[in-house]
Amino acid sequence: MNVDIVVVGAGPAGLCFARALADSGLSIMVIERQPLSALREPAFDGREIALTQRSVRILRQLGLWDRLGASDISPLRTARVLNGRSLHGLSVLPTGIGDGELGFLIPNDRIRRAAYACVEQEPRITLVSDTAVSAVSLSDGMPHLQLADGSSVTARLVVAADSRFSSLRRDAGIAVDMHDFGKTMLVCRMALEKPHDGEALEWFDHGQTMALLPLHHGEASVVLTLPGHTMKSVMALDDAQFNEDMRRRFDGRFGAMSLTSTRHTYPLVATYAHRFIGPRLALIGDAAVGMHPVTAHGFNLGLLSVDTLAGQIRRARTAGQDFAAPRVLQRYERDHRVATLPLYFATQAIVKLYTDDRLPARVARTALLRAAQATPPFRRTLARMLAAQGRDEQMPPMSG
C-alpha cells in the first residue's frame, strides 16, 4: 500500500490529526493496535479531560465538539489551590474577554468516541485496526512500515501518535527525557453531599495530592495521588470503605462522598522527546510531550501539536512544496517546542515543590500561595497559563 501520510496510533491526537487533513487531498492511513469495536465505543477509563478555550475552538473546527452531548460537557468556572492544612489558598478565575469559564471537562472516552466518529466516513482516511507496526525503515527515502498482520505500507510522512511510551519514537532512535514520579494516580467519579459550585480543587496535602473536578448533577471526578504501595491498600477497600476514606481525605469538605463509577489507576510518568521530528517523521500528542496532569495540559498540548503540524503541511501544499521536507518539519518542531517547553518545566517545578513534605518546602509553598493570592498580575498570569492562552490565541481555521 502507498499513501501520503501514515499515522501510528488512533488515540484522540492521532484521529484529530487525520481529521484535520481530511479535506486536504492527501491520502491518510491510521494504524491502531486496538480492535475497531474499542475505537467505536471506548470504555470508561476514569479520566476527565480539562479542555481550554483554545482547545474547544480547535475541536469545533474539526467538527468533533458538535458530536459531544450536553451531558458530556461540564463547565470549569474557577479553580482553587490549597496547601497542607492551611486555609489560605489561591483562587484562579477566567481572564479571557467573554470567557465565563476557565475551560470544560469532558470524559476521555467521549472524546475518543467523537474523534472516531469524525473520521469513520472520511473517504481519504483508511483506518487499519487490530494490528501494530512490527518494523519501520526511515533511512531510504520514503518511509516503509511492516505491519504485524503481514501487510506493509509506504508513505511520504509518518506521524507517531502512539503514547508517551511510543514504540515508533524508539524505533526512530529518538531519545526522551522521562521522569517517573514514583506515584500512582487514582481516578473515579463520586456523588457529593455538598455542592462544588463549578470549582475545581487542587489540594497538595501532606503525603498525598488530591483534586476534585466538578461535573454535572452534583458529581465530581476525584483524583488521588499516592505512593504505589499505599495506593494498593486504597484500591483494596470495598466501596463503602472507599467512600468513607475519600470523605476523610477531603476533610469532609464535600460531606458524604459516594462512588458512581469504577476506579482506575495510572502511573505518573512525564516525558519530553529530545526531537519532535526525523527524516519524514513527526511526533505529535504524548509521543512528543507527555505532561504530568497537575496543570491539566496533556491533551491540550496534544491538540496544539495537531493544529501546528497540520497547519505547516497545508501551507507547504499551498506553496507547492514537499510537505514532508526537512524545513517544513523543522518549522513544526520549532513552534511546538516554543509552545511546550516552558510549560513542561514549569509543571515539573510545581510538582517538585508541592509534593516535597519537608518543612522548608512546606513553608515556602505556603508563602508562595499567599503572595500569589495577594498579587493580581500573578493570578492573571496563572489563569492564562491554565487556559493555555498565549501568542497563538487567534488561530487560522484548520480548513483554510
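User: Which residue just after α8 takes a positive phi?

Analyst: That's G320, with a positive phi of about 75°. Keep in mind that this is a predicted model.

User: Okay, so how far can I trust the prediction? What pLDDT does the protein average?

Analyst: The average pLDDT is 87, and 84% of the residues score at least 70. There is a weak stretch, though: over residues 373-400 the pLDDT is below 50. That stretch has 61 contacts in the model beyond near neighbours in sequence. Here's the general rule: where pLDDT is low, don't read the predicted coordinates in detail.

User: Back to α8, then. How do I read a helix, and how many residues does α8 have?

Analyst: General idea first: an α-helix has 3.6 residues a turn, so residues three or four places apart point the same way. Now our case. Helix α8 covers residues 298-318, which makes 21 residues. From its first C-alpha to its last it reaches 31 Å, close to the 30 Å expected at 1.5 Å a residue.

User: Is α8 mostly covered or mostly exposed?

Analyst: Mostly covered, with 18 of its 21 residues buried.

User: And the nonpolar core? Which residues touch the most other members of the largest one?

Analyst: I5 and F17 do, in a core of 88 residues. Helix α8 gives the most to this core, with 9 residues. Apart from it lies another core of 21 residues, including L201, L212, F254 and L259.

User: What does I5 touch, if I skip residues up to four places away in sequence?

Analyst: Quite a list! Among them are F17, L21, L26, I28 and M29, plus A155, L157 and V159, and also I313 and F323.

User: Now strands. How should I read one, say β11, and which strands does it pair with?

Analyst: In a regular strand, the side chains alternate between the two faces of the sheet. Strand β11 spans residues 152-160, and 7 of its 9 residues are buried. For its partners, look at the direction each time:

- β1 (residues 2-8) runs parallel to β11, joined by 6 bridges, and V8 stands opposite A160.
- β10 (residues 144-147) pairs with β11 in the antiparallel sense over 3 bridges, with L145 opposite V153.
- β19 (residues 281-283) pairs with β11 in the parallel sense over 3 bridges, where L283 is the bridge partner of A160.

User: How many residues lie between β10 and β11 in their hairpin?

Analyst: There are 4, and G150 in that turn has a positive phi of about 100°.

User: Why is β17 called largely enclosed by the rest of the structure?

Analyst: Because 7 of the 10 residues in β17 (residues 264-273) are buried. β17 pairs with β12 (residues 176-192) in the antiparallel sense over 9 bridges, and P267 in β17 is the bridge partner of T184. On top of that, 2 bridges join β17 to β20 (residues 289-290), again antiparallel. There, T271 has G290 as its bridge partner.

User: Last one: why does P227 count as partly exposed?

Analyst: Because its relative accessibility is 23%, and buried would mean under 20%. P227 is found in strand β15 (residues 219-227). Leaving aside neighbours within four places in sequence, P227 is in contact with G182, K183 and G207. Compare sequence with space, too: P227 and M185 are 42 residues apart in sequence and 8.8 Å apart in space, C-alpha to C-alpha.

Terms used
Residues are numbered from 1 along each chain as its sequence is written. This is a predicted model: local features need pLDDT of at least 70, side-chain atom pairs count only at pLDDT 80 or more; totals for chains, interfaces and linings use all residues. Side-chain values use heavy atoms; hydrogens and water are left out. Buried means under 20% relative accessible area, exposed over 50%, partly exposed in between (1.4 Å probe, protein chains only). Two strands pair if DSSP finds at least two bridges between them. The expected span of a helix is 1.5 Å times one less than its number of residues. A nonpolar core is a set of buried Ala, Val, Leu, Ile, Met, Phe, Trp, Tyr and Cys residues joined through side-chain atoms within 4.5 Å. Contact means heavy atoms within 4.5 Å. pLDDT is the predictor's confidence in each residue, from 0 to 100.
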